[in-house]
Amino acid sequence: MSSPISPLAVTTFGGRLVTAAVSDGTVKIRHNQQINPNQNPIDQLKDRETTYLAGGVVLVESTVATDQERQTIRDTATKEGMRVLRIMNSSIAAAISYGMDDLLEETTIIVAECGLENDSTTTFVVLSLDEGIFDVAATASCFGYTDEKASTALQKALQKAGKSTEDIYAAMVCGYKPYSSNAATLLKSQFGTERFRSSIDSSVVAAYGAAVTASRLGDIGHFVAAKDAGDSGIFLCAGGVGEGSALKAVGHTTSQETINNLIEAVGADSDAHFEVAAKQDLISAAARAALMQRLDVLAATEQQRMTDNDSTACGGVHDVQEVLTDEHLTDLIGEESMASLRRAFVARDGRQHNMVKLRRVEAMPACQSYCSNNSSGLIGWHTDFARRTLQVALNSDDEYEGGRLMYATMNGLHIPQRQAGCATLHESSIAHGVSEMTAGCRYGLFLLDTGYMT
């Protein structure tokens, strides 16, 4: 059983190109090399990461980068054919690399970003964390590192955040030497070695955390290929990434005991449930058509890019994804349909979404079963990283074969019938999966509450 392509994390701080991705459940630093001054960094990235770029990218910027700077980076990467899933703060990426996002209690963390803006800038970032959601509480920078300047900037950041040294749960450094070494010495003196995190090289710590986030952003609606689908065509492999072999298939007639074992194996909640938020037409037919047309254009554009790079490429692009802002989605589908989506998402408890994603999956012909730049989706039953998912079927399930959404619960296996405009809502703790696409094309719209991954 092979793994799908994981999205790629990319940093370009300090004149170095660092890329990282999750492979077989482990973050691997793929490249950590000096950027060639005679070559565009994006061209250098495309030359070295042709395969992993197909999974999308998470780009890392300094926390104090402006919205305009981030948009310019996104536009440039998109123009070069990259699918940008997220541009995230380096301080948050560093905190994730040390597992800070797993903390449930309200916590304050400080990160020193060194040499990210330029060689001599050190920025101290105070992060607040509550139930897995990060917020930048304050920043303060010093230009031209000296111990006195850095100490003053550190105290200023704490003061702006309304925190004292005693309030800091953990401190860490992100960036390049010599300034990262100096900042590390300062943080250890201020907060003690027991609160200072240093097990990951400061030059790659942001890429490491971004790779974790990238893998989570990619964990939406993975399509599972079962070698023996039986008569129903809706079996799923009962397993996950990295388990390496074809596993026992689960179908309609599976006993509840087997289902319970499956739920336990993936760490799901046996009491978790899903609901059909709308049986059809949650958004208008015109809105669905606009989104499907957009995905078709993206697929055609990506196919052209692949053909330009490799004239021997066969077939088409079989897994296209795009992250949208609420504003962009509203422009595409109209305010009335957008309001319907928001109402469906918040109906249970008022919690709002913070991410929108489109996805188009087309059945893969036999000639591409081996192609590395197409998603074969060999992932079994799983729970989500996103805390809540609203999934809207943009086309009806009688327009394609396979691709059936399945939930495993204490009351058996459930396969919702999905008419165009139908929407299902589920929490992260439910075991679920989607069967292999064998013919046709499946279009989906996802609204998610991803917690800290904003």
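Angles between elements here run from 0 to 180 degrees between N-to-C directions, with axes fitted to C-alpha atoms. The structure is a predicted model. In these terms, helix α5 lies across β6, β7 and β8 and runs at about 145 degrees to β8. Helix α6 packs on the sheet as well, touching β6, β7, β9 and β10, and its direction makes about 175 degrees with that of β9.

**The chain and its confidence**

The chain holds 11 helices and 23 strands. Of its 454 residues, 53% are buried. Among contacts between residues at least 6 apart in sequence, 73% join residues at least 24 apart.

Mean pLDDT for the chain is 77, and 78% of the residues reach 70 or more. Confidence is highest in α5, at 94, and lowest in strand β11 (residues 236–237), at a mean of 38. Over residues 310–315 the pLDDT is below 50, and this stretch has 6 contacts in the model beyond near neighbours in sequence. Residues 366–379 also stay under 50, with 42 contacts beyond four places in sequence. Where pLDDT is low, the predicted coordinates should not be read in detail.

**The five-stranded sheet**

The sheet is open, with 5 strands in the order β8-β7-β6-β9-β10 and mixed pairing. Its edge strands are β8 (133–143) and β10, each of which pairs on one side only. Strands of a sheet pair through backbone hydrogen bonds, either parallel or antiparallel. Both senses occur at β6: this strand runs antiparallel to β7 and pairs in the parallel sense with β9.

The table gives the pairings of β6 and some of the residues that face each other.

| β6 element | Partner | Value or relation |
|---|---|---|
| β6 | β7 | 8 bridges, antiparallel |
| β6 | β9 | 6 bridges, parallel |
| T107 | L129 in β7 | stands opposite |
| I109 | L127 in β7 | stands opposite |
| E113 | C174 in β9 | bridge partner |

Strand β6 is mostly covered, with 8 of its 8 residues buried. In a regular strand the side chains alternate between the two faces of the sheet. In β6, one side carries T107, I109, V111 and E113, the other carries T108, I110, A112 and C114, and all of these are buried. Both faces of the strand are therefore covered, given that buried means under 20% relative accessible area.

**Helix α6**

Helix α6 comprises 13 residues (residues 179–191). At 1.5 Å a residue it should span 18 Å, and its end C-alpha atoms are 18 Å apart, which agrees. Its buried residues are S180, A183, A184, L186, L187 and F191. Seen down the axis of α6, these fall within an arc of 165 degrees, so they line one face of the helix. On the other side, T185 and S189 are exposed.

What covers the buried residues of α6? The cover includes four strands of the sheet, β6 (107–114), β7 (121–130), β9 (170–175) and β10 (196–197), together with helix α5 (147–161). After the helix comes G192, whose phi is positive, near 85 degrees.

**Summary of the region**

Strand β6 lies between β7 and β9 in the order of the sheet. This strand is among the elements that α5 lies across, and α6 touches it too. Of the two helices, α5 has the highest confidence in the chain, at 94.

Conventions. Residues are numbered from 1 along each chain as its sequence is written. This is a predicted model: local features need pLDDT of at least 70, side-chain atom pairs count only at pLDDT 80 or more; totals for chains, interfaces and linings use all residues. Side-chain values use heavy atoms; hydrogens and water are left out. The expected span of a helix is 1.5 Å times one less than its number of residues. Buried means under 20% relative accessible area, exposed over 50%, partly exposed in between (1.4 Å probe, protein chains only). The arc is that of the directions from the helix axis to the C-beta atoms. Contact means heavy atoms within 4.5 Å. Two strands pair if DSSP finds at least two bridges between them. pLDDT is the predictor's confidence in each residue, from 0 to 100.
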